[in-house]
Amino acid sequence: MLTYDLQFFRWAGADLINVTSVEGQRQIVVIENNSCPSGQKSMPLQDEHQEQGGYRNLIERSFKPFSEIKRGLIHGGLAVIYDKNEMENTGYAAVMADVFKEPVFLATFRDNDPYTPVRFTDGVLEVRDEQNVWHPIRAAFRYVTQKPWNRIPIHTKTRIFNPVIACLAGGRNKLVASKAYDIFNAELAAAGLKIYTPDTIWDVSKNEVPIWVKKLGGQAVVKVPYSNAGSGVYTIITKKELDAFMRTDFEYDKFIVQSLIGNFQWTSKTPHGRMYHVGMVPSSKEHTFVFDLRMMLSSSLNGIRPLAVYSRRANAPLKNKLSADDSSWDMLGTNLSTLNEHGEWQTDTSRLLLMDRRDFNSLGLGLDDLIEAYIQTVLSTIAIDKMAQTLLTQRGQFRHKLFQSLDDDEALMKEILAD
């Protein structure tokens with residue numbers, strides 16, 4: 001698995017949680033795997049003399065070999081295109097300029113932006129400079145995470161890292177990702193390996209959600225499959241939270257419902273038993289917080305390699321007893337990104353836990369846990385990469401009917417730019 005040659009999903013970041021069963025069996029569970037993940041700015045330097053750290057590792061090890069494959073390479077410049085996280089993207093652009101020894105365009109590519117400096121002409125990505133001149137791009141580093149398929153075609157002549165097919169196959173599509181994991185687990189069974197995830201119900205319409213929540217014991221997680229940065233995820237532990245979800249209007253038709261992993265006193269009931277958060281090392285006030293682990297990896301000429309790791313904790317400690325007014329998201333939600341009133345992304349760094357002596361020791365993780373987290377990230381990345389390969393013909397054409405059979409969501413199908 002570690003020497004697997006990633007074809008499409010060359011840069012990934014899985015979000016994982018540390019859980020245990022009633023019998024005390026601990027596991028690292030995959031919550032989701034993200035295409036074009038954030039996290040470089042949160043990773044301490046491994047070498048104090050190499051100030052570009054993981055930024056340079058990713059560009060030299062993964063992006064550069066990918067961008068220099070001769071077959072089909074067009075003439076043009078280099079670019080970084082992004083829709084959020086300006087800090088990390090300016091870092092990537094600066095490192096690319098150093099590595100390639102040429103100018104690199106840094107361009108925003110936000111959804112519904114009429115003045116965007118990025119366009120596609122006959123499959124070639126072009127970037128507009130300050131003099132309103134459009135420049136063709138031979139290879140682009142992409143950090144476009146919000147519905148990238150509605151403005152980046154599946155087929156491009158410009159080499160894009162990661163291509164949109166990686167997102168549709170699971171990198172930004174939780175519904176297809178869960179099916180990719182299930183298919184790959186059947187392959188892995190003979191080797192004794194498995195991608196561990198919460199119990200997942202696919203293709204759920206909104207009206208069916210209460211039925212599945214009830215089956216899981218009244219506690220569940222409902223997800224809009226194509227959202228990210230913590231949006232579109234609804235943790236439900238009370239009738240009040242379920243009612244609030246049912247009153248919400250959504251633009252998509254399909255959801256996934258997963259077993260909720262909570263406290264020893266309250267968590268989803270599944271055929272495989274009940275799982276609980278191990279949580280951080282208890283504080284002096286005997287409070288423990290839920291945390292997740294972001295493990296980032298990328299392709300190399302010798303297989304898959306780790307890139308960065310950091311952690312995030314929930315806003316409120318995990319309670320043993322629930323009241324009707326408790327917010328499950330405060331206790332279980334770990335994402336740091338939020339949208340302000342102006343529609344701009346902000347980050348709550350107070351809950352960020354770096355991989356250093358002060359923060360990381362508070363997680364209670366050992367080397368075995370980190371190894372398991374890495375292997376779970378590798379396996380889930382390969383599963384999505386294999387799904388991406390399945391969704392394209394030998395000539396590289398998108399298999400619309402196959403994709404629709406996996407994800408029959410009319411609203412999503414209308415967004416996808418296939419040409």
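The buried residues of helix 6 (buried meaning under 20% relative accessible area with a 1.4 Å probe, protein chains only) pack against helix 5 (209-215), strand 10 (220-223), strand 11 (233-236), strand 12 (255-259) and helix 7 (328-332). Packing here rests on contacts, that is, heavy atoms within 4.5 Å; helices (H or I, at least four residues) and strands (E, at least two) are DSSP runs numbered from the N terminus. The model is predicted, so local features need pLDDT of at least 70 and side-chain atom pairs count only at pLDDT 80 or more, while totals for chains, interfaces and linings use all residues. Residues are numbered from 1 along each chain as its sequence is written, and side-chain values use heavy atoms, with hydrogens and water left out.

Within helix 6 (residues 239-246), the buried positions are E241, L242 and F245. They share one side of the helix because they cover an arc of only 100° around its axis, taken from the directions from the axis to the C-beta atoms. K239 and K240, on the other side, are exposed (over 50%, with partly exposed in between).

Turning to the sheet, 4 strands form an open, antiparallel arrangement in the order 9-12-10-11, two strands being paired if DSSP finds at least two bridges between them. Strand 9 (200-204) and strand 11 each have a single partner strand, so one side of each lacks a neighbour in the sheet. Strands 9 and 12 pair over 3 bridges, and V204 has F255 in strand 12 as its bridge partner. Helix 6 lies across strand 10, strand 11 and strand 12, at about 150° to strand 11; axes are lines fitted to C-alpha atoms, for helices over the stretch in contact, and angles run from 0 to 180 degrees between N-to-C directions.
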